[in-house]
Amino acid sequence: MKKALLSSLLLLGVAACSEPFIVFAGGSLSGEEVLAPVDWSELESIDTMQLETRPVDPYSVNIWATGIGRDLYVGTGPDGTRWSGYMTEDPKIRFRVNDKVYRLLARPVTDPEERQRVARAYVDKYDLDTDENWVMDALIFRLDRP
């Protein structure tokens with residue numbers, strides 16, 4: 001009985017949070033809103049960041065991302081996810097790195113050469129298997145400055 005009550009309280013606490021928690025989605029991201037950096041190379045030392053979609057009813061997730069110079073990219077499987085669908089409907093997103101929040105626009109990446117660069121960047125950053133790199137078939141979005 002105690003375990004069930006404790007588990008219920010823990011789940012209720014997680015559900016009440018507006019921030020994403022491990023694999024659970026959250027709402028609006030907190031943090032200081034600032035202009036996007038000129039170069040996203042600072043991301044190479046950070047594994048997980050947060051992405052907020054659907055400005056009308058914020059939906060945020062923990063995510064892997066990679067920066068290539070002035071461009072920032074996120075990807076997901078070829079069938080997409082809830083958050084990728086929200087970005088397709090409305091490209092306005094917020095992206096958090098540590099305590100800094102950036103307002104950006106999500107643009108699908110279809111150019112084969114750009115997709116190849118992003119896939120290589122994910123392999124290098126996250127130590128992915130080059131031959132089984134899921135990013136090659138992923139939905140990839142470039143997060144541009146507005």
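This short presentation covers the salt bridges, the largest pocket and the aromatic pairs of one structure.

Good morning. Please keep in mind throughout that the model is predicted.

I begin with the charged side chains. The count of salt bridges comes to eight. One of them joins Lys-100 and Glu-32, whose closest N and O atoms are 3.2 Å apart. Lys-100 belongs to strand E6 and Glu-32 to strand E1, so this pair ties together parts that are 68 residues apart in sequence. Both partners are partly exposed: Lys-100 has a relative accessible area of 30%, and Glu-32 one of 44%.

Strands E6 and E1 also supply the partners of another bridge, between Arg-103 and Glu-33. Here the closest N and O atoms are 2.8 Å apart, and the parts tied together are 70 residues apart in sequence. Glu-33 is partly exposed, at 39% relative accessible area. This bridge does not stand alone, for a network of salt bridges links Glu-33, Glu-52, Arg-94 and Arg-103.

A further salt bridge brings together the side chains of Asp-57 and Arg-54, at 3.3 Å from N to O. Asp-57 is partly exposed at 44% relative accessibility, and Arg-54 is partly exposed at 23%.

Several of these residues return in the largest pocket, which holds about 150 Å³ of space. Which residues line the largest pocket? Among them are Glu-52, Arg-54, Arg-94 and Arg-103, together with Ser-28, Thr-53, Leu-104 and Pro-146. Strand E2 (48-53), strand E5 (92-97) and strand E6 (100-108) each contribute at least two residues to the lining. By character, the lining divides into five nonpolar, two polar and five charged residues.

I turn now to the rings. There are six aromatic pairs by count. In one of them, Trp-40 and Tyr-102 meet edge-to-face, 5.1 Å centre to centre and with 80° between the planes. This pair links distant parts of the chain: Trp-40 sits in the loop between strand E1 (32-33) and E2, Tyr-102 in strand E6, and 62 residues separate them. Are these two residues buried or exposed? Trp-40 is buried, and Tyr-102 is buried as well. Elsewhere, ring pairs join Trp-64, Tyr-122, Tyr-126 and Trp-134 into a cluster.

Finally, a word on helix H3, residues 112-126, where Asp-124 is found. Asp-124 counts as exposed, at 66% relative accessibility. From C-alpha to C-alpha, Asp-124 and Thr-66 are 9.7 Å apart in space, while 58 residues apart in sequence.

Thank you.

Terms used:
Residues numbered from 1 in each chain as written. Heavy atoms only, no water. 1 Å grid on protein atoms, 1.4 Å probe; cavity = no way out; pocket = protein on both sides within 12 Å on 5 of 7 lines; lining within 4 Å. Points joined across faces, edges and corners; volume = space filled by probe spheres on them. Helix = DSSP H or I, 4+ residues; strand = E, 2+ residues; numbered from the N terminus. Nonpolar A, V, L, I, M, F, W, Y, C, P; charged D, E, K, R; others polar. Phe/Tyr/Trp six-rings, centres within 6.5 Å; stacked < 30°, edge-to-face > 60°. Buried < 20%, exposed > 50% of the residue type's maximum accessible area, 1.4 Å probe, protein only. Salt bridge = Lys/Arg side-chain N within 4 Å of Asp/Glu carboxyl O.
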